[in-house]
Every structure is written in structure tokens, then in C-alpha cells.
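These are my notes from a reading session. I put down what I looked up and what I found.

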Amino acid sequence: MTTPVQGHHIVRAFSEELEQLTASVATMGGLAESLVSDALDAIAARDSDLALDVIQRDKRLDTLQRDIERQIIRLLALRQPLASDLRVCIAALKIAADLERIGDLAKNIARRTRELNEAEPLALSKSIERMGRLVQGHLHEVLDAYASGEIGGALGVWQRDDDVDEHYNTLFRELLVCMAEDPHIVGPGAHLLFIAKNLERVGDHATNIAEVVHYAVTGTELLADRPKGGSSGTP
Amino acid sequence: MAEDANVKAGTVYHPAEGNRKVKVAASGVDVFYADKQALHDVSVEIGDRAVTAFIGPSGCGKSTFLRCINRMNDTIDTARVSGSIRIDGEEINDRSVDPVLLRARVGMVFQKPNPFPKSIFDNVAYGPRIHGLAVSKDELDSIVETSLKKAGLWDEVADRLDQPGNSLSGGQQQRLVIARAIAVNPEVILMDEPCSALDPIATARIEELIDELRENYCLIIVTHSMAQAARVSQMTAFFHLGHLVEFGPTEEIFTNPRDRRTQDYITGRFG
């Protein structure tokens with residue numbers, strides 16, 4: 001993570017440890033993004049093997065998160081980071097938690113994809129994939145913002161999260177209509193519903209990361225009155 | 001630079017929190033030692049019943065500024081102070097102000113504990129005696145006891161008040177010196193690196209004491225330990241090369257300093 005302060009610490013090992021921490025979070029981000037992307041590919045291609053691969057690779061994300069937590073505890077105990085350094089540490093801690101949750105959600109999507117592949121394909125899978133690509137794009141943008149310290153991308157995602165919510169609300173209504181018309185698709189439809197919900201949650205985590213990146217870079221919080229779109233009453 | 005901070009004469013002032021009464025108000029203070037300028041145009045308002053920490057690298061002017069507040073620079077022949085320093089609105093550099101009386105109102109604690117070569121009792125009783133604060137022996141006893149209690153030392157020395165002050169441990173001596181400062185009923189207590197000669201336990205005791213004293217006094221502490229400034233103070237002033245660079249709530253200075261020099265110093269980077 002790059003903050004406006006570029007100078008090196010007098011104690012060089014401190015700078016190296018912070019760089020290592022940022023690199024670990026970036027690795028974790030790359031993996032989380034690839035899990036989401038592969039889960040979406042698995043839906044599109046009805047590829048159960050790829051879905052299984054996603055389920056298995058999620059474990060690596062958990063290991064990375066524990067490693068990042070250890071690094072941060074060590075930094076706090078031994079270096080007592082302050083100001084931008086402190087913000088970088090806290091940001092890494094929070095982002096790692098968000099990425100771990102994103103991994104879990106991707107894993108859950110992959111599990112449901114394997115179930116879906118047992119049934120006839122549904123037309124709405126395409127809409128799910130579109131929503132998924134939008135969410136994946138948001139995740140990519142906030143991770144870029146994290147790596148570069150350029151908050152523009154983070155702000156953009158933060159402002160555009162209601163696009164995801166709108167997609168989700170539309171899908172939700174369409175799925176309800178389809179399931180009401182044809183009771184045979186209630187089983188796979190329910191899976192799609194949960195997949196859509198999971199993707200919406202991934203979008204929320206991307207928004208969280210955007211807020212954390214903004215705090216780490218500027219030291220100020222984004223105000224909580226993010227534009228909220230969509231109708232109420234949707235779970 | 002964030003818009004909500006105020007910049008005057010090169011100093012970043014964070015918006016004040018709450019409405020703490022101003023105890024010490026400095027405006028445009030310059031200090032020269034012979035023809036070398038040690039402080040440049042320092043203006044700051046220090047709140048009452050709070051701890052304000054002065055931090056900055058060696059030679060930044062923080063101790064020089066601290067010494068202006070009880071006119072300790074008067075004792076240095078080549079030192080020249082200009083600008084205004086007011087305590088409760090009263091100009092302390094005014095010719096009518098007696099520096100001896102001023103120093104009773106503005107107590108000072110130094111880096112190394114400096115008890116007088118007298119008994120524990122006499123160390124604390126000295127100030128009240130010369131300032132005529134006690135009319136009877138009983139009253140003096142009571143002042144000594146109260147001061148030692150406020151300094152958190154009474155329980156350790158109550159049964160040996162006649163022993164020499166310098167027979168105490170370093171941490172106890174520092175608390176004795178604080179009791180001596182408190183005994184004359186000061187309004188402001190200045191501390192110049194009061195814990196730098198103490199071990200962590202004795203330091204923790206002094207820090208706890210500083211936190212208690214905050215209820216009744218305006219405390220100003222110069223410290224090289226950033227962790228100490230963070231632990232004990234509510235406001236922090238960062239000095240650099242004779243300038244007051246940044247002044248604001250301690251939490252903000254340590255999480256989100258606005259000036260690059262403050263940031264570099266606090267995070268231990270090359271300035």
C-alpha cells in the first residue's frame with residue numbers, strides 16, 4: 001500500500017516489514033479475485049471440476065489471512081506503528097478479513113454451481129454471470145486502488161455499489177416470477193438466488209475495502225451516507 | 001492539506017475539541033540565544049486542566065519554549081525573549097511581574113530529580129515556608145502531607161519524613177520533586193522529560209500521577225518518548241528547527257498528522 005508518505009524509515013527492517021505486509025495483502029487480493037472469477041467461469045461453462053478447484057483453493061486464502069494477522073500482531077508489538085504506518089496496518093487487518101469472507105462466498109457459489117450442474121440449465125444464469133462480472137470489476141478496482149494508493153478507483157466503487165444492488169433486486173424479482181411459473185425449477189432457482197445474494201455480499205466487501213483504502217490513504221473516513229439504490233424489502 | 005485545519009505563520013492548527021479554558025496563551029514568541037534564533041514566531045493556546053505534550057527532535061526549541069512559560073530563560077544572560085505570553089490573560093513578561101512569584105504559580109520538574117540536600121519534609125515544606133503559605137506548624141504539616149499524597153508518595157515515606165530526600169530511589173525522588181512543586185499551589189506545572197532517567201515501572205507511576213494531576217492543573221510536558229506523549233497528553237505540539245509545526249489533539253497528531261515533517265518524525269522516517 002502506498003500512502004502519501006514515501007520516505008523510508010530510519011530502521012530499515014520496519015519499512016521492509018510494512019512492504020511485506022502490503023505484498024501479502026496484494027497476494028491475498030489476487031487469489032480472492034481469481035476465486036470469484038473462476039466461480040463465475042464455472043457457472044458459465046457448467047464446469048464442476050473448476051468449481052471443485054475453487055472450493056479447494058479457498059483454504060489457501062484462510063492460511064494467507066492467518067499469516068497476515070501474525071505479521072500485523074508482530075508489527076504492532078515490536079514496531080508500534082503510528083500515523084500512516086498505523087493506518088496501513090489496520091487497513092491490512094480489515095482488508096484481509098474482507099478478502100477471507102469473499103473467498104468463503106466464492107466457495108459457496110462454487111458448491112451451488114456443482115449442484116446446479118446436476119439440473120437443466122436456467123436462462124437466468126446469464127444474468128447472474130453479468131452481475132458477477134460487475135462485482136468482480138469492483139473488486140479488481142479496489143484492489144488496484146489498494147496497491148497504488150490512488151483513491152479515485154476506491155471512491156468510484158464506493159459510489160457505484162448501488163449498481164450491484166439494482167442488479168440483485170432485478171434478478172431476485174425475475175427468479176421469483178420464474179419459480180412461480182414453473183415449480184420444477186424451484187430447486188435450482190433457489191441456488192441461483194443464493195448465488196446472486198453471495199455476489200451482492202462480495203460487492204459489499206469490495207465497498208468495505210474501498211472505505212478502508214480511503215482511510216489508509218487520507219486518514220479520514222468516508223461518510224456513511226453512501227447512495228443507496230433499489231427497492232426495500234429485498235432480503 | 002485538509003481544509004479543516006488552520007495554517008498561521010507556518011503552523012498547522014487542528015480545530016480544538018470541546019471548549020477547554022485557555023490557561024497559557026503565547027503569541028509571536030521569538031527567543032534568541034546571543035544572535036542565534038532558537039524559536040521563531042510561536043503562537044499557541046494551551047488549555048487548562050489538561051496535559052499538553054511538546055515533542056520534536058533535539059534542538060527543536062521545545063524546552064526553550066517550555067522555559068519561557070516560567071521565565072527560566074531570564075537566568076541565561078544571552079537569552080532574549082520577545083512576543084507575548086499570557087497566563088489567565090496576564091502578561092508574564094511584564095516588568096511588574098516578579099519572576100519568583102511567577103515560578104510559584106508555574107512549577108517545574110526537570111529531567112533528573114533534584115531534591116534539595118534536606119529531609120523529605122523540608123524539601124516539600126521549603127516553598128510554603130519562603131512564600132509564607134503556612135502560619136503554624138500544624139498547617140505546614142498538613143500542606144506537606146497533602147502534597148506528598150497528591151504526588152502518590154505519602155504511603156512510602158510517611159514514617160521517614162526526617163530522612164534525606166536524596167536517600168529515596170530515582171522514581172521516588174521525582175515524585176518528591178513533584179510534591180515540592182505542588183506544595184506552593186501552582187496553576188501550571190511544567191515537566192522537562194520527567195521520566196527519562198526512570199525505569200518503566202517508575203515511569204508508569206509518574207504517568208499515572210500526571211493523569212491524576214490533570215484534574216486540577218494545567219500540565220505541559222516535554223518528552224522524547226512519543227509513546228509517552230501518546231499515553232499522557234490530550235494535546236500535542238510538534239516543534240522542528242525552532243518552529244511550532246503542528247498543534248492539535250494528541251489522537252489526531254498520532255493517527256493523522258497533516259504536516260509532512262510531523263509525519264516523518266512520528267513514524268521514524270528520514271526528514
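Where in chain B is B:Glu193 placed? I found B:Glu193 in the loop between β9 (188–192) and α7 (200–213) of chain B. The model is a predicted one, and I kept that in mind for every entry below.

**Entry on backbone angles.** I looked up phi for B:Glu193 and read a positive value of about 45°, although the residue is not a glycine. Most residues other than glycine have a negative phi, so I wrote this one down. I then checked exposure: B:Glu193 has a relative accessible area of 12%. Since buried means under 20%, B:Glu193 counts as buried.

I noted a second residue of this kind, in chain A. A:Ala83 is not a glycine either, and its phi is positive at about 50°. A:Ala83 lies in helix α3 of chain A. Its relative accessibility is 0%, so A:Ala83 is buried.

**Entry on a helix pair.** I stayed with helix α3 of chain A, which covers residues 83–116, and looked at its packing with helix α1, residues 12–45, of chain A. Their axes come within 9 Å and cross at roughly 20°. Because angles under 35 degrees count as roughly parallel, I entered α1(A) as roughly parallel to α3(A). Which kinds of residue make up the contact of α1(A) with α3(A)? I read 20 nonpolar, 4 polar and 2 charged. For handedness, I recorded the crossing of α1(A) and α3(A) as left-handed.

**Entry on cysteines.** How many disulfides are there over all chains? The count is 0. A disulfide needs two cysteine sulfur atoms within 2.5 Å. I took B:Cys60 as a case: the closest cysteine sulfur is in B:Cys68, and at 13 Å from the sulfur of B:Cys60 it is too far for a bond. I also looked up how accessible B:Cys60 is, and with a relative accessible area of 1% it is buried. In chain A, I checked A:Cys89 and found it buried, with a relative accessible area of 0%.

**Entry on a serine.** Is B:Ser147 buried or exposed? B:Ser147 is buried, at a relative accessible area of 4%. I located B:Ser147 in helix α4 of chain B, residues 137–150. I then listed what B:Ser147 touches, leaving out residues up to four places away in sequence: B:Val124, B:Ala179, B:Ile182 and B:Ala183.

How values were computed: Residues numbered from 1 in each chain as written. Chains lettered and ligands numbered in written order. Predicted model: local features only at pLDDT ≥ 70, side-chain atom pairs only at ≥ 80, totals over all residues. Heavy atoms only, no water. Buried < 20%, exposed > 50% of the residue type's maximum accessible area, 1.4 Å probe, protein only. Axes fitted to C-alpha atoms, helices over the stretch in contact; angles between N-to-C directions. Helix = DSSP H or I, 4+ residues; strand = E, 2+ residues; numbered from the N terminus. Parallel < 35°, antiparallel > 145°, perpendicular 65-115°, else oblique. Left-handed = near helix turned anticlockwise from the far one by under 90°. Nonpolar A, V, L, I, M, F, W, Y, C, P; charged D, E, K, R; others polar. Contact = heavy atoms within 4.5 Å.
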